[in-house]
Structure formats: C-alpha cells, structure tokens
Amino acid sequence: MADTTLEKTPPAGRVRRPRGTARRSTHTLRLRVSATLVALTVLAVLLVPPLVQLDQQSVDLGAKLLPPSWDHPFGTDDVGRDLLLRCVYGLRVSLLVGLVAALTATVIGTAVGATAGALGGWADRIVMRVVDAVASVPHLLLGIFIVAMFRPGVWPVVVSVALTHWLSTARIVRAEVLSLRSRPYIDAAVSGGASRWRIALRHLLPGVLPQAGLAAVLMVPHAMWHESALSFLGLGLPAHTASLGTLIQGARGSLLAGQWWPTLFPGLFLIVPTLAIAGLAGVWRERINPRRRSELTL
C-alpha cells in the first residue's frame, strides 16, 4: 500500500531555522544591544562633560524651557540650564550610588549568607530569622527612615540603599552554600581534617562568588531606581544637585504646561541604562546556570 502521508515542505524562499538556533540568535542580539547601550552610557558619563564646554549649573532665564535644538540637543530646563549636561551629571550620580550601594550590599549579604550557611544549626536559624524580620519592613520606608537621620547628600543615599538591599543576596548566598556543603569534595575535605574556616575560604566562598557577582549586577538598576525615588520625594539629594530623580521631580510643572523634554530625557536616561544592565545580567545568569542554558537550546 502506497504511503499517502504528505510531507509538509516550507514554501520556496523560506528556510525554517531550528528553534534552538532562533533562541541563540535572540540571545546574541540581546547581548550586543545591552553591551552597546552600557558602553554608550559609560562614554557619555566620561566624555560629554569635558567635550561640551558648558556649565551644567549655569542659569540663563532668557533661555528657559527652550525645545531641543542644535545648541541644546535636549533643550533647557525651567531656569535655562542645558538639559543634556544635567542628564549626564544626573546619570553619573545615579551610577555612582548604584555601583557603590550594590557593592556594599553584596559584601554585607555575602558575609551574612555565607556565615549562616557555613555554621548551620541554631546560628543559621537565628541569622535567617533576623533577615526575615528586616525583610518584612518595606525597603523604601526603611530607606526613607535612614536618609531622614542625615543631611541630604550622596553618601546618606548610598548607606540607605546598601542597608536595605543586602537581604536577597544573603538568601541567595546561603542557599548556594547549603548546596555546596552537600558536595562530595566538601565531605572529603572534612574527612581530611580541614578546619571549618579553611573549608569556607578555599571551597565555599569561591563557589558562591559567581552568584554574588550576579546579584551585585542585578542590584545596580534597583539601586538606581531607589535613589531616583528618594530624590524624587525630596529626601535624597539636594534640589540643586543634578540627579535623575531631582530632574524628574523639578520637571513636573513643565510637563503640565506642555513642555515634554524636561521629563522625557531624564526618564530615558534612567530607563535605558537600567534595562541594558539588567540585560547583561540576564545573559550572565544564563551562562552560570547550566540548566537554564540547556533549556535555551531545546
């Protein structure tokens, strides 16, 4: 009996790629776009202030709220200051806060999580109950309380963000340490007479560093948004300091009057770099997680 099953062939001119190939190409595209945007952000922060011979604090009431033009690519704000320079300086402050706060929070979270996971027993339970108690308080409210105890400035915001964002890192590191403790080479080290301190430094800590680094990178966008929220509420940086949060807060009246550029460009300077950093962190997460990486090729 002749086989009547008809094989479906793609139309001429259309080549159907395997599903895994399409996902890998999307993965590569996301990596390239994210890396390009991060590179442009770094170049803007480093090169725009020295190349553009303008004072970002220079007030010119005769040029206030000018729309984007060749002389002022992003327009001017309500007192005539160049918005491009203000956005670049604001991005510089937000990146500084995000990087320093993320690094500090990662160090605190790694130390707490590694200690809890390595000690185990009652020490682990006590430490994690403290973490749960602190996590039960909304971190924005806790950050407002911390900032309110200091004068407005960059470093109170850094301290506030760092002290409210180490909890997730502590949980991730603790879970990774507990996973590593069950590995055969850890049992071999214990049987060989290695001390707990040596096991923690030589075996556990190197094993959790990739996860801790990933947590730090993922924390940078979160810290930038946290700083912008505090500055928008008037609790972070002084009003005269260029920050993406203060720029957006100061442009509310202009937006209601129909001038869109004082709000749009600071918002883009906040959204685009944070999405780019999060994209790079997502690529890193897929690389260090073999199970997720294998799922991408299915």
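**Exercise 1. Find the helix that gives the most to the nonpolar patch, then list the patch members.**

Solution. Start with helix 11 (residues 261–288), which gives the most to the nonpolar patch, with 5 residues; helices here are DSSP runs of H or I, at least four residues, numbered from the N terminus. Before going on, note that this is a predicted model, where local features need pLDDT of at least 70, side-chain atom pairs count only at pLDDT 80 or more, and totals for chains, interfaces and linings use all residues. Residues are numbered from 1 along each chain as its sequence is written, and side-chain values use heavy atoms, leaving out hydrogens and water.

Next, list the members: Trp225, Leu255, Trp260, Leu264, Leu268, Ile271, Val272 and Leu275. Together they have about 730 Å² of accessible area (Shrake-Rupley method, 1.4 Å probe, only the protein chains shown count as cover). Patch residues have over 30% relative accessible area and no salt bridge (a side-chain nitrogen of Lys or Arg within 4 Å of a carboxyl oxygen of Asp or Glu), with nonpolar side chains joined within 5 Å.

**Exercise 2. Place tryptophan 260 and state its exposure.**

Solution. Look in the loop between helix 10 (252–256) and helix 11. Tryptophan 260 has a relative accessible area of 43%, so it is partly exposed (buried is under 20%, exposed over 50%, partly exposed in between, with a 1.4 Å probe and protein chains only).

**Exercise 3. Describe the surroundings of glycine 117.**

Solution. First, locate glycine 117 in helix 2 (residues 83–119). Its relative accessible area is 0%, so glycine 117 is buried. Finally, leaving aside residues up to four places away in sequence, glycine 117 touches Asp124, Arg174, Val177, Leu178 and Arg181 (contact means heavy atoms within 4.5 Å).

Key: Helices (H or I, at least four residues) and strands (E, at least two) are DSSP runs, numbered from the N terminus. Patches are made of residues with over 30% relative accessible area and no salt bridge: like charges are joined within 9 Å, nonpolar side chains (Val, Leu, Ile, Met, Phe, Trp, Tyr) within 5 Å.
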